[in-house]
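Biologist: Could you take me closely through the surroundings of the ligand? I would like to know which protein atoms meet the ligand and what the shell around the ligand is made of.

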Amino acid sequence: MIDGKAIASELRDRISSAVAVLKEDHGLIPGLAVVIVGEDAASQVYVRNKTRQTREAGMNSYEYKLPEDTSEGELLGEIDRLNNDSNVNGILVQLPLPEHIDESAIIAAISPEKDVDGFHAVNSGRLMIGENGALVPCTPQGCVILAKRHLGSDLSGKHVVVIGRSNIVGKPVAMLLLQENCTVTITHSKTRKLEEICKEADIVIAAVGRAKMVKADWIKPGATVIDVGINRTTNSDGRAKLVGDVDFEEAVEVAGGITPVPGGVGPMTIACLLRNTFKATCHQNNISGIDV
Ligand code: NAD
């Protein structure tokens, strides 16, 4: 079992220590602004957790709750204000946005230097060409940290099969693993013989959004399995339950290491958001040498 909860907690502790150094040596406190539009229940929970963990790490958290009927222009105005606020080092707009707002226009409006989600085209491009200083999407960062904790820091030559090609998870995690000298196969809904391809992987990254899709006989014995999926299902007794894209009960018998859902990739995502906020603060203030 790869314990994402414990590994994320260690990472948050390292970030807290680094934040203390930044405050002591440079008089700076990183600030993260989270903007949420509307009442989506899952988003409200995510934002609450982000705010709490930002504060626990010693950073400033600014929360902006805007009503469902906020116009695109009003949201763009808020982003412009945050782009120009020197107390704000990172800006995150919680997705999904209401349908009348164009998500891509909002992401494009965030200053790339404050884009702690790493979704802006400038940061995607930086990641693609392997440029230092890219703000890398949080969930993919978390996946790589978990794989390295299990397999050691050198992933060279490992064959990784990524299932899913979204801009949020599949594509950026593939780029990160390419930088780690892995051989990366990206698969998706139109891939033929997915099971056979998956069975060749030393590392499987499942980011699909289909409950328990990856079965034990898709996995090479001893392979490392990182399950990004978060799927809401109900137990036999009718209670709500979260499951991943991997059939954990089966796969745990075959895999060399596997992340649970919940308690695997999920906690790493917020920890990496704090890491990005810290890095953005250092970059904006030309500070180097404090590593997290
Ligand atoms: P998405 O819907 O944007 O992309 C899903 C991808 O899966 C697509 O590229 C699609 O081609 C592929 N796919 C769909 N059906 C398939 C099939 N039958 N076989 C192979 N590929 C198939 O989703 P996303 O935003 O990348 O998220 C994926 C999952 O990860 C979701 O469950 C989401 O909730 C979860 N997620 C978790 C975190 C976290 O912090 N743990 C963060 C982001 C997303």
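Modeller: Happily! A polar backbone atom of isoleucine 230 is 3.0 Å from an oxygen atom of the ligand; a polar contact here means a pair of N or O atoms within 3.5 Å, and within protein one must be able to donate a hydrogen and the other to accept it, with residues adjacent in sequence counting only if both atoms are side-chain atoms. Please keep in mind that this is a predicted model, where local features need pLDDT of at least 70 and side-chain atom pairs count only at pLDDT 80 or more, while totals for chains, interfaces and linings use all residues. Residues are numbered from 1 along each chain as its sequence is written, and side-chain values use heavy atoms, leaving out hydrogens and water.

Threonine 269 places a polar side-chain atom 2.8 Å from an oxygen atom of the ligand, and serine 189 has a backbone N or O atom 3.2 Å from a ligand oxygen. On its own the ligand has 860 Å² of accessible area, and the protein covers 71% of that (Shrake-Rupley method, 1.4 Å probe).

Around the ligand there are 21 residues, of which Arg165, Ser166, Val228, Ile230 and Thr269 come nearest; a residue counts if one of its heavy atoms lies within 4 Å. By class, 9 are nonpolar, 10 polar and 2 charged (Ala, Val, Leu, Ile, Met, Phe, Trp, Tyr, Cys and Pro are nonpolar, Asp, Glu, Lys and Arg charged, and the others, Gly among them, polar). Helix H10, residues 265-284, gives the largest share of this shell, 3 residues; helices are DSSP runs of H or I with at least four residues, numbered from the N terminus.

Conventions:
Helix = DSSP H or I, 4+ residues; strand = E, 2+ residues; numbered from the N terminus.
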